[in-house]
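Here is a short briefing on helix packing, one core contact and one surface patch. The structure comes first.

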Amino acid sequence: MNKTRMMTETALMSAVLCILGPLAIPIGPVPISLATLGVLLATYVTGPLKGTISCLIYLAVGTVGLPVFSGFQGGFAKLAGPTGGYLLGYLFLALISGWFIHNFYDKIWMQFIGMCLGTVVLYAIGTLWLAHVAGLTFVEALAAGVLPFIPGDIVKMIVAMVLGRTLNKRLSPSLSR
């Protein structure tokens, strides 16, 4: 695959993240966001490396101030704030879920397990950061930043599997990994 195509695919998935990321429902210190769906789609469409790079670009764009984070916010303060750990956790979600998607493309349950493992790592990083920044105990941070999100994140994983597989069938084989 040529470098121009690789850069285009990565930039396209970064753009998808920038579109989905701001769409959020504020329910407390951590909003419900479609960014995790974007991360999962990025790894489905481009693979673990380019999916992770797409996340890095998304985080960089948001950190410099463009309003691509939840609630159409941006800037370093958002990354350093209560949700910063979850934002950084996207990188691990992309790496872990992308590895499983890439290596077990014909085994949907293994992909789901990989997405769950990636999400657990995202939750752990985000919860530890939320507890630190907000002065909460780990259990309080878990209650505020994880428990309300589990059902929605499972739905996002299922949507990503269906939509990701559909996109891969419609796109050239070179985009699927």
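Buried means under 20% relative accessible area, exposed means over 50%, and partly exposed lies in between (1.4 Å probe, protein chains only). This is a predicted model: local features need pLDDT of at least 70, side-chain atom pairs count only at pLDDT 80 or more, and totals for chains, interfaces and linings use all residues. Residues are numbered from 1 along each chain as its sequence is written, and side-chain values use heavy atoms, with hydrogens and water left out.

**L59**
- L59 sits in helix α3, residues 48-63 (helices are DSSP runs of H or I, at least four residues, numbered from the N terminus).
- Its relative accessibility is 6%, so L59 counts as buried.
- L59 and L88 are 29 residues apart along the chain, and their C-alpha atoms are separated by 7.9 Å.

**Helix pairs**
- Helix α2 (residues 35-46) packs on helix α5 (residues 84-103) at about 40°, with the axes 9 Å apart.
- That makes α2 oblique to α5 (neither under 35 degrees, over 145, nor 65 to 115).
- Helix α6 (residues 108-134) and α8 cross at roughly 135°, and their axes come within 11 Å.
- α6 and α8 are therefore oblique to each other.

**Surface patch**
- L147, I150, I154, I158 and V162 form a nonpolar surface patch, with about 410 Å² of accessible area together.
- Patch residues have over 30% relative accessible area and no salt bridge (Lys or Arg side-chain nitrogen within 4 Å of an Asp or Glu carboxyl oxygen), and nonpolar side chains are joined within 5 Å.
- I154 belongs to helix α8, residues 150-170.
- At 33% relative accessibility, I154 counts as partly exposed.

Terms used
Patches are made of residues with over 30% relative accessible area and no salt bridge: like charges are joined within 9 Å, nonpolar side chains (Val, Leu, Ile, Met, Phe, Trp, Tyr) within 5 Å. Accessible areas come from the Shrake-Rupley method with a 1.4 Å probe; for residues, only the protein chains shown count as cover. Helices (H or I, at least four residues) and strands (E, at least two) are DSSP runs, numbered from the N terminus. Axes are lines fitted to C-alpha atoms, for helices over the stretch in contact, and angles run from 0 to 180 degrees between N-to-C directions.
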